[in-house]
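Hi,

Here is the structure I promised to pass on. Have a look at it first, and then read my notes underneath.

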There are 2 protein chains.
Amino acid sequence: MAQTNLVTRVRWEIARAFSLRGKVILAVYCGADSLCLAHVVIALAPQLHLQSVIAHLNHGIRGAAADADADFVQAFAAQHGVPCHIEKANVPKLAAEMNLSLETAARMARYDFLMRAADQHEAKIVAVAHHADDQAETVLHRLMRGTGLAGLRGMAAQSPMPGAPHLTLLRPLLRFGRKDIEQYCADCGLQPRHDATNDDLAHTRNRIRHELLPQLEQYNPGIRAVLARLADSATTDFEIIEYATQQAFSSIATQTEAHAIVFDRVTWRNLPVGLQRATLRHAVSQLKGHLTDLKFSAIEEARDVLTSDATTGEIALLADVRVRVSAGAFVVGRLVISN
Amino acid sequence: MAQTNLVTRVRWEIARAFSLRGKVILAVYCGADSLCLAHVVIALAPQLHLQSVIAHLNHGIRGAAADADADFVQAFAAQHGVPCHIEKANVPKLAAEMNLSLETAARMARYDFLMRAADQHEAKIVAVAHHADDQAETVLHRLMRGTGLAGLRGMAAQSPMPGAPHLTLLRPLLRFGRKDIEQYCADCGLQPRHDATNDDLAHTRNRIRHELLPQLEQYNPGIRAVLARLADSATTDFEIIEYATQQAFSSIATQTEAHAIVFDRVTWRNLPVGLQRATLRHAVSQLKGHLTDLKFSAIEEARDVLTSDATTGEIALLADVRVRVSAGAFVVGRLVISN
């Protein structure tokens, strides 16, 4: 079949963005998005030095319909000569046992499954079919709940796999909208089935997709693209902030011993407020390995003292992490309890 | 009258945030927001070393009702022993002459009026009554149209007056919601009138206020606070990015002559993508004094070459600003036409 312009464009853009090679686990359900993903990656495999494995998790929610979905995926894999890894989970049981929503339990089961599939097939890459409309929904969902720059980044095109940082999670379709993806399937003669799993699972997500986004489209028909672009610009801006934090920290703070970091107080005071906060948080993260329990109010209390004329004092950032103030410097130190 | 907790809190927070002293022009209409603003600033004036002048512009849109509003403001000023500066504009005529919407023409007339009032009274400060609900609407409006971090900052609590940078524009109520402000008025025995100007002028704004925000409140009743907090965090993050751009630029770029800036290409390539873009834009701004006509695509074209292995080449950022590429450096230069 002659390639249409759209098919050429989708493949070209994905080939250009795909920097990894090796075995890739393709998460495939039976909707247009994951069929498109599998079809593109399988077509590009020789050129990109990839070996595809299709993986499908039956969530154990929809009985016979879900079994038919699994058969469909199996047939698709066989047709394209690609190995297929299918498992069946019991998401309702998992949700009940762990006291989670079906939606959360299903996501957990899915990522857990993909991780095991990758390890079993000795793959280092997992690709999922999230697209630009999913990205817009994610950003909007976070905006509604309340978020900052980190959350506005939405889903990453490439990131370590949650819970399995030795794997790389790719979202090759993130720049393509649902309509383009459906058109790709039509142009390539792919016949997706309606994926009812989403209808069952993602209540809030479905309300955002079917009620809120159409309402917002009355104000701006291009709202999905606007939200996806916001995710892009937030990603780039967030990188700058991480870089600036690192630069500022290494120029004004010195880890003098395992449990103490000394700051040049004068230089720290001249940083923008956001970097004052970020460098303090960075110090805590260096000393503790995480930021759990660190409150915004504790950081602000420390800033109040450190930006004042006080030349002595001690502020608790955490129960076991203190800031000790002196005239030209301050120390962020971790208390070590000796038995 | 004994002060309620709310009145004490509003005054305390505003007193704490008010760092400027001298004569201040208070933009007063007859709604709760600007009455509250005037009442707070007048009450704090001795303590903060401020001298208040009330300023009111009759937009010339609503005939007798607008005249009654002006009389109301005049009476309020007299009652509080504060000078009052009232002018009447013809916004519909201005809108027609300049081919602007009534909303845009009114805003222009208002800022122009405040600027003239400030200059006439030799004031350096202008205070307006935008509050947290206005901020939420501004952020939402920009989100709907499409914006990045700069736009998400919303309105600034303190900024140079647009078009009159010798004046400082303050928004002391930006942290208080409409309900608190109405309660402040009730607690202080102030009797605001309904300000119909807004109904007339701000069509999109009113749709966002009366239709969209109530829709979003069905998803999150605290959506207004969420959007106002987003503006706060975007403001802090944006400061970091401006600081990081400045730091990166001064460490890798040198203005060797009036029309040329030399970059260390190797160090520039190691910057995060966002800082690669920002430092190029900064160079153009240094050479031209503005960024008018600079396209995102031109910056990306330059980045494509500069991050490649090319050791020669020239890319146009603008008709008269070029990037000349060499192995370890590149020059952003402005063409100077000699007659």
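Below is what turned up where the chains meet, plus a hairpin in chain B.

A bit of housekeeping: this is a predicted model, so local features need pLDDT of at least 70 and side-chain atom pairs count only at pLDDT 80 or more, while totals for chains, interfaces and linings use all residues. Residues are numbered from 1 along each chain as its sequence is written, chains are lettered from A and ligands numbered from 1 in the order in which they are written, and side-chain values use heavy atoms, with hydrogens and water left out.

**The interface**

Chains A and B each put 33 residues into the contact (heavy atoms within 4.5 Å). Together they bury about 2900 Å², 71% of it on carbon and sulfur atoms (accessible area, 1.4 Å probe, lost on being put together and summed over both). Of what chain A buries against chain B, 24% comes from Met144(A), Tyr219(A) and Ile240(A), more than any other three residues supply.

On the side of chain A that touches chain B, α11(A) gives the most, with 11 residues (helices are DSSP runs of H or I, at least four residues; strands are runs of E, at least two; both are numbered from the N terminus).

There are zero salt bridges between the two chains (a side-chain nitrogen of Lys or Arg within 4 Å of a carboxyl oxygen of Asp or Glu).

**The hairpin**

In chain B, strands β9 (residues 314-318) and β10 (residues 321-325) run antiparallel, joined by four bridges (strands pair if DSSP finds at least two bridges between them). β9(B) and β10(B) form a hairpin with two residues between them, and Glu314(B) has Arg324(B) as its bridge partner in β10(B).

Cheers

How values were computed:
Buried area = accessible area lost by both parts, 1.4 Å probe.
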